[in-house]
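Please look through the sequence and the model below before reading on. The paragraphs that follow go through cysteines, the core, a sheet, charged pairs and two single residues, in that order.

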Amino acid sequence: QVRLVETGGGVVQAGGSLRLSCAASERTFSTAMGWFRQVPGKEREFVAATRWIGSSTYYADSVKGRFIISRDNAKNTVYLSMNSLKPEDTALYYCACGRRMVSEVAEYDYWGQGTQVTVSS
């Protein structure tokens with residue numbers, strides 16, 4: 001069982017920045033780490049993903065150029081740096097681990113509890 005704990009959410013004005021962190025209890029069972037987000041009444045959507053090894057990253061078109069996913073292997077932690085935030089970025093943000101660096105929710109095996117990001121206009 002992998003435990004994931006997200007931190008760093010909060011309230012920010014449009015145009016501002018936040019950095020989310022996701023601490024994993026271990027990396028044994030996962031190759032890829034992803035960030036997803038969800039608003040009430042909508043499906044969970046992919047935001048970004050990376051692997052523990054190598055430099056590959058993958059972004060949703062809606063955040064490309066504004067968000068950066070990074071990791072610190074020594075700390076088993078993945079980050080999501082969010083810049084130029086928009087009100088439509090408001091959501092509950094989750095991190096997840098899985099075996100493939102893909103955008104499909106079903107491909108990720110373990111999930112954190114989520115951290116709320118609210119962007120005011």
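Cys97 is buried, with a relative accessible area of 1%, and this value comes, like every other value here, from a predicted model. Which cysteine sulfur is closest to the sulfur of Cys97, and why is there no bond between the two? The closest one belongs to Cys95, but at 7.8 Å it is too far away for a bond, because a disulfide requires sulfur atoms within 2.5 Å.

The structure does hold one disulfide, and its partners are Cys22 and Cys95, whose sulfur atoms are 1.9 Å apart. In general terms, a disulfide is a covalent bond between the sulfur atoms of two cysteines. The link of Cys22 and Cys95 is right-handed, with 50° about the S-S bond. Since Cys22 lies in strand β3 and Cys95 in strand β9, the pair ties together parts that are 73 residues apart in sequence. Both ends of the link are buried, Cys22 with a relative accessible area of 0% and Cys95 with 1%.

From these cysteines we can turn to the nonpolar interior. In soluble globular proteins, nonpolar side chains tend to be buried together. Here the largest nonpolar core has 35 residues, and those with the most contacts inside it are Leu4, Trp35, Val47, Phe67, Leu80, Met82 and Tyr93. Several strands contribute to this core: β3 (18-24), β4 (32-38), β5 (45-51), β7 (67-72), β8 (77-82), β9 (91-98) and β11 (115-120) each supply at least two of its residues. The largest share, five residues, comes from β9. To see how one member of the core is surrounded, the reader may select Leu4 and leave aside its neighbours within four places in sequence; the residues in contact with Leu4 then include Cys22, Cys95 and Cys97, as well as Met33, Tyr110 and Trp111.

The next step is to see how some of the strands are arranged. Strands of a sheet pair through backbone hydrogen bonds, either parallel or antiparallel. In this model, an open sheet of four strands has the order β1-β3-β8-β7, with antiparallel pairing. Its edge strands are β1 (4-7) and β7, each of which pairs on one side only. From one strand to the next, the twist averages 15°. Between β1 and β3, which run antiparallel, there are four bridges, and within this region Val5 stands opposite Ala23 in β3.

Charged side chains add another kind of link. Side chains of opposite charge can pair when their charged atoms come close. The count of salt bridges comes to five, and a useful place to begin is Arg37, which counts as buried at 6% relative accessibility. Arg37 meets Glu45 in a salt bridge, with 2.5 Å from N to O, and Glu45 is partly exposed, with a relative accessible area of 35%. Arg37 also forms a salt bridge with Asp89, where the closest N and O atoms are 2.9 Å apart. Because Arg37 lies in strand β4 and Asp89 in the loop between β8 and β9, this pair ties together parts that are 52 residues apart in sequence. Arg37 and Asp89 are both buried. A network of salt bridges links Arg37, Glu45, Arg66 and Asp89. Elsewhere in the list of charged pairs, the side chains of Glu107 and Arg100 meet at 3.3 Å, N to O, in a salt bridge; Glu107 is partly exposed, with a relative accessible area of 32%, and Arg100 counts as partly exposed at 46%.

Two single residues complete the walk. Is Asn76, found in the loop between β7 and β8, buried or exposed? Asn76 has a relative accessible area of 17%, and it therefore counts as buried, because the limit for that word is under 20%. Beyond its neighbours within four places in sequence, Asn76 is in contact with residues including Cys22, Arg27 and Trp52. Tyr58, in strand β6 (residues 57-59), is instead partly exposed, with a relative accessible area of 34%. Apart from its neighbours within four places in sequence, Tyr58 is in contact with Phe46, Val47, Ala48, Ala49, Met101, Val102 and Ser103. The C-alpha atoms of Tyr58 and Lys75 are separated by 21 Å, and these two residues are 17 residues apart along the chain.

Key. Residues are numbered from 1 along each chain as its sequence is written. This is a predicted model: local features need pLDDT of at least 70, side-chain atom pairs count only at pLDDT 80 or more; totals for chains, interfaces and linings use all residues. Side-chain values use heavy atoms; hydrogens and water are left out. A nonpolar core is a set of buried Ala, Val, Leu, Ile, Met, Phe, Trp, Tyr and Cys residues joined through side-chain atoms within 4.5 Å. Buried means under 20% relative accessible area, exposed over 50%, partly exposed in between (1.4 Å probe, protein chains only). Contact means heavy atoms within 4.5 Å. Two strands pair if DSSP finds at least two bridges between them. Axes are lines fitted to C-alpha atoms, for helices over the stretch in contact, and angles run from 0 to 180 degrees between N-to-C directions. A salt bridge is a side-chain nitrogen of Lys or Arg within 4 Å of a carboxyl oxygen of Asp or Glu.
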